[in-house]
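Welcome! Have a look at the model below, then work through the exercises at your own pace.

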Amino acid sequence: MQILKAKNVSKMYGTKKNRQYMALKNISLEVNKGDFIGIMGASGSGKTTLLNIIGSIDKLTTAL
């Protein structure tokens, strides 16, 4: 049973006039009941941004 699905999630900070930074680009994730997951990556790779979007703290830029 699937409890979380994120498909092609992207998040961009900044404006077209100012410098833009792509924090997430086309990230997809599926979590099924009973799964135990860890999100790993280098500093600045978008881990917190992804968790904030999943938790409705932040708004995504695009998704399908």
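## Surface and overall build

The accessible surface of the protein chain in this predicted model comes to about 5200 Å², and carbon and sulfur atoms hold 55% of that area.

**Exercise 1.** Describe the overall build of the protein chain.

*Solution.* Start with the elements: there are 2 strands and 1 helix, and from the N terminus they follow the order β-β-α. Next, take the extent: along its principal axes, the C-alpha trace spans about 45 × 25 × 20 Å. Then turn to burial: 19% of the 64 residues count as buried. Finally, look at sequence separation: among contacts between residues at least 6 apart, 49% join residues at least 24 apart.

**Exercise 2.** Decide whether Lys-11 is buried or exposed, and list what Lys-11 touches.

*Solution.* First, locate the residue: Lys-11 sits in strand S1, which covers residues 2-13. Its relative accessibility is 10%. Buried means under 20%, so Lys-11 counts as buried. Now for the partners: leaving out residues up to four places away in sequence, Lys-11 touches Tyr-21, Met-22, Ala-23, Leu-24, Thr-49, Ile-53, Asp-58, Lys-59, Leu-60 and Thr-61.

**Exercise 3.** Find the backbone atom that the side chain of Ser-10 reaches, and place Ser-10 in its surroundings.

*Solution.* Ser-10 also belongs to strand S1. With a relative accessible area of 6%, Ser-10 is buried. Its side chain reaches the backbone nitrogen of Asn-26 at 3.0 Å. Beyond neighbours within four places in sequence, the contacts of Ser-10 are Leu-24, Lys-25, Asn-26, Leu-60, Thr-61 and Thr-62.

How values were computed. Residues numbered from 1 in each chain as written. Predicted model: local features only at pLDDT ≥ 70, side-chain atom pairs only at ≥ 80, totals over all residues. Heavy atoms only, no water. Helix = DSSP H or I, 4+ residues; strand = E, 2+ residues; numbered from the N terminus. Buried < 20%, exposed > 50% of the residue type's maximum accessible area, 1.4 Å probe, protein only. Contact = heavy atoms within 4.5 Å. Areas by Shrake-Rupley, 256 points an atom, 1.4 Å probe, with all protein chains shown as cover. Polar contact = N/O pair within 3.5 Å; in protein donor to acceptor, adjacent residues only side chain to side chain.
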